[in-house]
Every structure is written in C-alpha cells, then in structure tokens.
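I opened the model to look up how its strands are arranged and what surrounds its main pocket. My entries follow in the order in which I looked.

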Amino acid sequence: MQTVDTIADLEALYDAPAPASLTKVAHQLTPLYHRWISAARFVVVSTVGAGGTDGSPRGDDGPVVHVQDAQTLLLPDWRGNNRLDTLRNIVADGRISLMFMVPGENNVVRVNGRAVLAVDPALTAQFEQGGKHPRSVVVITIEELYFQCAKAIMRSAIWADADKAAVPTAGEFLREQLADFDAKSYDAAYPEYAKSKMW
C-alpha cells in the first residue's frame with residue numbers, strides 16, 4: 001500500500017484550500033452561529049485520551065447544548081450506558097470537537113475547543129427534566145467554530161425520503177457476541193425500556 005507519510009506530500013496531493021473555507025472560521029459564537037447551534041438537537045462529540053479516541057452521539061428534545069456565553073457551551077450528560085468513554089477522555093485530556101446537525105439541513109457546524117466536567121449542584125439543577133438532573137455537565141470553551149461544506153450530506157442524501165435500510169439491530173449486534181442472546185426480545189422491549197431512562 002502506498003501511503004502519505006509527510007505533511008509536504010499530503011499538501012502536494014491536494015489543491016490549496018478554498019478561500020471561504022478559511023475565512024468562515026470564527027473564534028466565538030456570532031449571532032448566526034448561536035442561532036444555528038441553538039436549533040440543533042443532535043451533536044457528535046469527539047474526544048481523545050490515553051485509551052484512544054471516541055466519537056459519541058448526544059441528543060435532546062430541545063437544544064442539545066445550552067449557550068452560556070459567546071465562548072462557552074454547556075452539554076448535560078444524560079443517562080447512557082455508563083461506559084464513560086467520552087467523560088474519561090475529557091477528564092484526562094480536555095480536547096473536544098463537536099459536530100452539530102439539524103434535520104433537513106445540508107450544512108453542519110463544527111466546534112473545536114477544550115472541555116471540563118462540572119458537577120456543581122446549582123449547575124446540574126439548571127437542566128432538570130421531570131425531576132431528574134444530569135450527573136455532570138460538559139463545559140466547553142470554544143476555540144474555533146465553522147460551518148462544514150454541504151457536499152458530504154448532499155452526496156449521501158441522508159435526509160432524502162427513502163425506505164429504511166436493512167441494517168442489523170442492536171439485539172443482533174449483541175447476539176453476534178453472545179450466541180444464545182435473545183435478540184428479538186431485546187429489540188422488541190427496548191423502546192419501552194428506554195422511555196424511562198432518557199433523562
């Protein structure tokens with residue numbers, strides 16, 4: 001396999017960046033970026049730590065993050081599977097990248113920065129949902145943010161109306177690891193099980 005091993009070789013392989021791809025970068029929330037991020041109910045959170053990298057989907061029934069100020073985003077950590085991959089990385093390293101998506105929109109917005117994990121009761125109480133609070137809140141300091149060119153979403157037609165792809169279910173993934181696992185019962189029961197564990 002022929003590989004690219006130097007930055008010089010990489011840059012020789014591609015054209016120069018389009019000017020707009022550099023001028024679009026902001027270093028704090030502008031009014032338009034604030035508006036876009038506040039419309040996003042879904043974000044992919046990427047972190048890095050001693051154990052490797054992690055990409056984690058996060059979602060909410062309203063804005064997935066709350067804007068504290070032009071430099072700070074707050075991401076409540078709602079109930080999940082308790083693997084803590086993202087949170088371990090944040091505690092160990094702090095570098096973070098977020099990719100916000102809005103249904104029907106071909107652009108995405110990316111944020112790069114640093115994060116800490118806050119557990120102040122007064123802060124977690126701000127995110128109360130039905131009497132429940134997140135155990136922690138990811139506090140993100142923005143270093144840069146920008147919209148991503150729409151070509152990837154356009155190529156994939158991810159928002160286009162189409163029949164649901166025939167992909168494996170969560171139960172089938174588990175049965176692949178545990179031969180006697182009851183995949184059908186797991187998949188049938190999971191939607192009801194998850195209802196009480198969203199927040």
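I began with strand β5 (residues 95-101) and strand β6 (residues 108-118), which run antiparallel and are joined by 6 bridges in this predicted model. Looking along this pair, I noted that Phe100 stands opposite Val109 in β6.

I then turned to the helices, and found that α3 (residues 31-38) packs on the sheet, where it touches β3, β5, β6 and β7 (137-148). The direction of α3 makes about 80 degrees with that of β6. Helix α4 (residues 85-92) also packs on the sheet, touching β1 (42-49), β2, β5, β6 and β7, and its direction makes about 120 degrees with that of β2.

Next I traced the sheet as a whole, which is open, has 7 strands and follows the order β2-β1-β5-β6-β7-β4-β3, with antiparallel pairing. Since β2 (52-59) and β3 (66-69) stand at the edges and each has a single partner strand, one side of each is left without a neighbour in the sheet. From one strand to the next, the twist averages 30 degrees.

Last, I looked up the largest pocket, whose volume is about 1,400 Å³. It is lined by 36 residues, and the closest to its centre are Trp78, Arg79, Gly80, Asn81 and Asn82. Which elements give two or more residues to this lining? I listed β2, β4 (72-76), α4, α7 (170-177) and α8 (183-195), and noted that the largest share, 5 residues, comes from β2. Sorted by class, the lining of the largest pocket holds 18 nonpolar, 8 polar and 10 charged residues.

Notes
Residues numbered from 1 in each chain as written. Predicted model: local features only at pLDDT ≥ 70, side-chain atom pairs only at ≥ 80, totals over all residues. Heavy atoms only, no water. Pairing = 2+ DSSP bridges. Helix = DSSP H or I, 4+ residues; strand = E, 2+ residues; numbered from the N terminus. Axes fitted to C-alpha atoms, helices over the stretch in contact; angles between N-to-C directions. Contact = heavy atoms within 4.5 Å. 1 Å grid on protein atoms, 1.4 Å probe; cavity = no way out; pocket = protein on both sides within 12 Å on 5 of 7 lines; lining within 4 Å. Points joined across faces, edges and corners; volume = space filled by probe spheres on them. Nonpolar A, V, L, I, M, F, W, Y, C, P; charged D, E, K, R; others polar.
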